[in-house]
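Below is a short report on one protein chain, covering backbone geometry, one helix, an internal cavity and model confidence.

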Amino acid sequence: MSWIHPISPDTDEPAEVIGAKVHGLVLLRRLGLPVPPGFVIATAAGRAYRRAGRLPDGLAEELAAALAGLAAERVSVRSGGSVSQPGMMTTVLDLEPTPARVGPAVEAVFASWDAPRARLYRDLHDIPHDLGTAATVQAMVFGDRDARSGSGVAFSRDPNTGAPGPFGEVLFGRRGDDVVSGRASTRPLDELAEREPRVWDRLCEAMSRVEEHYRDACYLEFTVEAGEPWLLQVRRAGFVG
C-alpha cells in the first residue's frame with residue numbers, strides 16, 4: 001500500500017483518498033495551470049495515526065523519498081479532508097524539506113483533526129468524525145518575496161450579483177495567510193490588472209478554464225512570486241449568473 005500520491009495530472013484518486021484540496025489541485029494540473037509541486041499523504045494515513053498515535057509503518061521511508069524528489073527549498077504542510085473545514089486544522093509553513101522537520105509537521109496536521117474547534121465544526125455541519133484528513137506537502141511560494149509578489153482570492157463572478165468577471169481581493173507583498181486571516185487590509189482584485197497585467201491575464205484565463213470545466217462559478221486562492229502566479233486552491237463557488 002502506498003501512503004503518498006503526487007499532485008500530478010495522472011493522479012486519479014477520489015477526494016475521499018487524497019482530500020478535496022488536492023483533488024482540486026490535480027484538476028488544475030490537468031487543465032495546464034500553474035500549481036506548486038508537491039504530494040499528498042492520504043487520508044488513510046491520517047486515520048491510522050488517530051488509531052495508533054503515530055505515523056503508520058512505511059510512511060517515513062515514503063516521505064523521505066518523496067521529499068528527495070521534490071527538490072524544493074522550503075515546503076508547507078497543510079490539512080485537507082474530503083469535506084472542506086476551512087481554518088479548523090493546523091497548517092505549518094516555511095519548513096526545511098527534511099524528514100526530521102516534515103514528519104512532525106505531518107503528525108501535527110493529523111492530530112489537529114481532533115482539535116476541539118474542528119470537532120465542533122463537524123458537529124455543526126454534520127460531517128462524520130471518522131473521515132480523517134490528508135496532509136499536503138508542497139513547495140513554498142512566497143507572496144512577500146519582493147515588490148512584484150502578493151497573494152489573493154478570486155471569484156470568476158461577482159458573488160453578490162453573479163455577474164461574470166473577476167472579483168476578489170489581493171495583498172501586494174504579503175503571504176496568503178494574511179489575506180484569509182483578515183490581519184491586513186486588502187485591495188480590490190482589479191488593481192492587479194494595472195500593477196501586473198501579465199499576471200491578471202493569466203488569472204483570468206485560469207478562471208475561464210476552471211469555470212468551463214465546472215460549468216459553474218469558481219473560487220481560487222493564488223500567490224504571485226516575483227511576477228509568476230501560482231494557484232493554491234480551487235473550488236466551485238456555488239452560484240451561477
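## Alanine 71 and aspartate 94

Alanine 71 counts as exposed because its relative accessibility is 70%, above the 50% cut-off. In this predicted model, alanine 71 is found in the loop between H3 and E3. Its phi is positive, about 55°, although alanine 71 is not a glycine. Most residues other than glycine have a negative phi.

Aspartate 94 also has a positive phi, of about 60°, and is not a glycine either. Aspartate 94 is found in strand E4. With a relative accessible area of 26%, aspartate 94 is partly exposed.

## Helix H4

Helix H4 covers residues 99-111. At 1.5 Å a residue, its 13 residues should span 18 Å, and the end C-alpha atoms are 18 Å apart, so the two values agree.

The buried residues in H4 are Val102, Gly103, Ala105, Val106, Val109 and Phe110. Seen down the axis of H4, these buried residues fall within an arc of 165°, so they line one face of the helix. An α-helix has 3.6 residues a turn, so residues three or four places apart point the same way. The packing partners of the buried H4 residues include three strands that follow H3 in the chain numbering, E3 (75-81), E4 (91-95) and E5 (133-139). Strand E2 (38-41), helix H2 (43-52) and helix H3 (59-70) are also packed against by the buried residues of H4.

## Alanine 115

Alanine 115 has its place in the loop between H4 and helix H5 (116-124). Its relative accessible area is 21%, which makes alanine 115 partly exposed. Alanine 115 and leucine 63 are 52 residues apart along the chain, and their C-alpha atoms are separated by 24 Å.

## Internal cavity

The count comes to 1 cavity of 30 Å³ or more. About 40 Å³ of space lies in the largest cavity. Its lining consists of Arg148, Ser149, Gly150, Ser151, Val170, Phe172, Leu192, Glu196, Phe222 and Val224. Strand E6 (150-157), strand E7 (164-172) and strand E9 (218-225) are the elements that each give two or more residues to this lining.

## Confidence

The mean pLDDT of the protein is 92, and 97% of its residues reach 70 or more. Confidence is highest in E2, at 98, and lowest in helix H6 (residues 176-181), at a mean of 70. Where pLDDT is low, the predicted coordinates should not be read in detail.

How values were computed:
Residues are numbered from 1 along each chain as its sequence is written. This is a predicted model: local features need pLDDT of at least 70, side-chain atom pairs count only at pLDDT 80 or more; totals for chains, interfaces and linings use all residues. Side-chain values use heavy atoms; hydrogens and water are left out. Helices (H or I, at least four residues) and strands (E, at least two) are DSSP runs, numbered from the N terminus. The expected span of a helix is 1.5 Å times one less than its number of residues. Buried means under 20% relative accessible area, exposed over 50%, partly exposed in between (1.4 Å probe, protein chains only). The arc is that of the directions from the helix axis to the C-beta atoms. Contact means heavy atoms within 4.5 Å. pLDDT is the predictor's confidence in each residue, from 0 to 100. On a 1 Å grid over the protein atoms alone, a cavity is a set of points where a 1.4 Å probe fits but cannot get out, and a pocket is an open set with protein on both sides within 12 Å along at least five of seven lines; lining residues have an atom within 4 Å of a point. Grid points are joined across faces, edges and corners, and a volume is the space filled by probe spheres set on the points.
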